[in-house]
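New to this one? Take a look at the model below, and then we'll walk through two places where parts of it meet.

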Amino acid sequence: MGNRLLSALFASAALVATGGLAEAKTVVHVMHQGDPGWVKAYGDVAARFEAANPDVDIEMIYAPHDAYNEKFSAAVMAKQLPDIMELDAPFLANYVWSGYLQPVKPLIDKDLLDDMTDSNIAQGTYPIDKDLYAIGLTDSSVVLYGNKKYLEAIGARIPKSVDDAWTREEFEGYLEKLSKLEGVKWPIDTFRGYGIKTEWITYAYGPLLESAGCDLIDRKTWKATGTLDGEACVKALTMMQDWVKKGWVVPTSSGTNQFYAEGQPAALAMGGHWFYAEASAAMKDNIVVMPLPKIGDKGVSPNGTWIWGISATSENPEIAGKFLSFLLKDKEYREYAKTQSAYPGLKSFAAGSPLYAEGGPLAVAFEQASKTAIARPPHPAYPTITSAFMQAVDKIFNSGDAQEALTAAAKKIDEDIEDNAGYPPFDEQQ
Amino acid sequence: MTLQQTSTPALRRPAKRRDRQRLWQEMAMIAPAFLLMAIFLITPFLLSFWTAMTNQPLVPRPTPVRFVGLLNFERVFTDPLFWTSLWNVTRFTVWVLPLQCGLAFLTALLLHQKLPMQNLLRGLFFLPAITSMVVVCVIWGTLFQYPSGPLNQIVGFLSGGTIQPIDWLGDPNWAMFSIVLLSAWQAYGFQMIIYLAGLQGIPEELYDAARIDGASALRRFWHVTMPGLRPTHVFVLVITTIQAFKLYTQVAILTQGGPNESTETVVHYMVRAGFEEQKLGYASAVSVILFVIVLLIALLQRKLLRRFDV
C-alpha cells in the first residue's frame, strides 16, 4: 500500500504543481523473479512500454527466486497483489483455486494466443474450467547431456531422437562403465547442488519416476497414499538411491558445474535446457544432447516454467494484458531470451530459434515437449505435494528407507487435502 | 538511615503522599513496557495458541477455517520428523554449549590480562558476533566446500594427506557438527563479553588477600575466579541453551534441514510447515510447543540462579 499511496501522493502533488495540466498516470505493478540478466531485460521492456504509453507507469517488483512463493504469500496477506505476476507453472492450480488469478484470454492479443505451443497452453491452463490463466514466451525441459569424448571411450550408443532414448539397462550399464573410466570422477551430475529444497527435485526427478510407472499422486482420485508410497515409486526411488550409493552421482556440496569444470569430472548431466548455454560455451563440440532415458515402458520429460498471470484484484486488467502482449512480442526481449537458450513456448519464437529447430543442438529437447512431456500434478495441494516429495527424496538419497520416507510424504499430502475439505471441486474429479 | 526511621509523624504524612505519588510514577513508567509486552508478546502468543487449534492456512482460501481442537498437536507429536528435529536441536545444544562457552571463557580470560592494545584485541575477538549470520554462513559455506574447499585443504595438509576430504555439509554424519563449529565461532563473542564483565566484577582485594596467603596462580583461579564467576556461568549456559534451541538461520542457508533430516531443527520445521506448505495452524502448534520447551528452560534457569544465591 505504501508504494501505491506514495505514488498517488506524488501524482497528486504533480497535479497541483502543474496546475491540473498533467494527468495522473495509471500504475501497473509487475512482480517477477529472475537472475540479473532477465531482470534487466524486463526492466528495458517496461521502459519501452512506458515510452509508447506515456500515461502508464510500470512498476517492476523483484522477488528473489528462492523465496518467491513466501514473498507472494506475504503480498496476498497484505492485500498487495501486483497487477501482473510471474508464477511457477505447477503452482498455477493453487493460485487459481485460491482466487488470485483471472482468465487472460480476453486480455491478450489474439495472434499471441494462436502462436502458443501445446505445452505452453497446457502449463497455463487450469484443469477444472480448462481456461487459460497465464501465458509465457517460454516453456522448459530437461535433457541428458553427455561428454562426447567419454561416451565414445565406452562405446555408448548416442540416441538421435526421443524414440530411441536409452533404456534403463543401457543407462545403468553406461553409468557403470563410466564410473571405471579414467578421468571420470562421477558418471552423472543430477544437479543435487541446486539444494534439497528446490522445485528442481520434483521437476527433474519426477519424470524419471513416472517413466518407471510411479507418480506423486493419483491424478484421478487425488490421493497420494497408494500411489506415492506404492511399489512402483519405492522401486524407482530405490534405484536412484542405488546410483547415489555407488558414488555415480555428483554430491550436493560439489556445486552445479562438474560437467564442464576443470578436468570435466562428470561424464553425463541431467540438466535443464538453460544449462546448454554455459556448458557449450565451456565445452564447445565435446557436448551431446540426448533425450531423458526410458526407465520403464514410456519416456517421460518435464515441462512448465515461469509464466505471466494477471491477478484477480487488478484494477487495470486491460492495461496489464496490453503490457503482457507487448512484452511477449518485444524483439529485444526475444533476442535476449535466445542468448539464454530459452525454450520456445511460441511458434514464432521457435521458428527464430536455431537451437531448437530441426537439426539444432537442442532439437531433441523440443521434440520431448510434444512427445513425452507430462506436467506436474495440477492440483491446489501442489505446494505440499512438492515439499513432501523433496523431503522424501533428500531422505532416500542419503540412505534413508524409501518405503518409510514415501509413506510419510503420502500421509502429509493426504492430510493437507483433507484439511482443505478435498479442495472442491477437485474432490469431484473422478 | 536510622535517622529517617525516627522522624516525626508530622513529617511522615507528606512522605506517605510521596509514596503514593511515586507508585503512580512507577506505574506510569512501567505502563509503556507493559503495553508493548501485551501487544507484541502476550497477544501473539494467545493468538498462536488459538490458531494452533484451527486449520488456518497461511493465505486466505475458499474453504472455511475450522476449529480442529488438538488435532494439530496430535499430528505434530505423531510426526517422526518433529521428534527428529527436537533430537537434532538437543544434539546441537549439547555440542555447541561446551564449545561456544568454553571458547568464550578462554578468550575472556586471555583478554582480561593486561595486554598491549587490549581494547583493539577485544574488538577483534568480538567481530564475528556482530557480523551478520547470513554473511557468516555464505563465507563458511565456501570454506566447507567438498572436496577441495579451504577447510578440507587444511585438514589434508595437517594430516599429511591421510584424512580424506570430508563432505562437511553433505554427509549426514558431519552436517550438524559443521553447523556447530560455525555457530560457536560466530556467536562466542557475546558470551565472551558477559564473561569479561563477570571477571571485572570480582573484587581485586580477593586476589590480593589470596596472594598474601601465598596462593599460586592456579589456586587463585580455582578459589577466587571460579567461585566469583558462578552466577555468570549459570547465566551464560542458560542463555546459550535457549539460543541454541532456536537454531534456524544456519540451517536455512546451508543445509535446509538435510542431508537425511540430520540438521532439521524445530524452528526450521515450523517455517517449512507455515510458509512452504502454507499450514499456519500446524506451524502455530509447533511454535506453542517450542514456547513451552523454552519456558521450561527459563524456569530451570530461575531455579538454578536462586540456588546460586543471585
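In this predicted model, domain 1 of chain A and domain 2 of chain A bury about 1200 Å² between them, with carbon and sulfur atoms giving 64% of that area. Which three residues supply more than any others of what domain 1 of chain A buries against domain 2 of chain A? They are A:Phe91, A:Gly304 and A:Ser341, which together supply 35%. The C-alpha centres of these two domains of chain A sit 29 Å apart.

Here's how the two domains line up, by residue range and by what each brings to the contact:

| Domain | Residue range | Residues in the contact |
|---|---|---|
| Domain 1 of chain A | 26–139 + 304–353 | 15 residues |
| Domain 2 of chain A | 142–303 + 378–420 | 14 residues |

Now hop over to chain B and a pair of helices. Helix α8 (residues 175–200) of chain B packs against helix α11 (residues 230–245) of chain B at an angle of about 165°, and their axes are 10 Å apart. Since angles over 145 degrees count as roughly antiparallel, α8(B) and α11(B) are therefore roughly antiparallel to each other. Their crossing is right-handed.

Who does the touching? On the α8(B) side you'll find B:Phe190, B:Gln191, B:Ile194, B:Tyr195 and B:Gly198. From α11(B) come B:Thr232, B:His233, B:Phe235, B:Val236, B:Ile239, B:Thr240 and B:Gln243. Sorted by class, the contact of α8(B) with α11(B) has six nonpolar residues, six polar ones and no charged ones.

Note on methods:
Residues numbered from 1 in each chain as written. Chains lettered and ligands numbered in written order. Predicted model: local features only at pLDDT ≥ 70, side-chain atom pairs only at ≥ 80, totals over all residues. Heavy atoms only, no water. Axes fitted to C-alpha atoms, helices over the stretch in contact; angles between N-to-C directions. Helix = DSSP H or I, 4+ residues; strand = E, 2+ residues; numbered from the N terminus. Parallel < 35°, antiparallel > 145°, perpendicular 65-115°, else oblique. Left-handed = near helix turned anticlockwise from the far one by under 90°. Contact = heavy atoms within 4.5 Å. Nonpolar A, V, L, I, M, F, W, Y, C, P; charged D, E, K, R; others polar. Domains from an automatic or database assignment. Buried area = accessible area lost by both parts, 1.4 Å probe.
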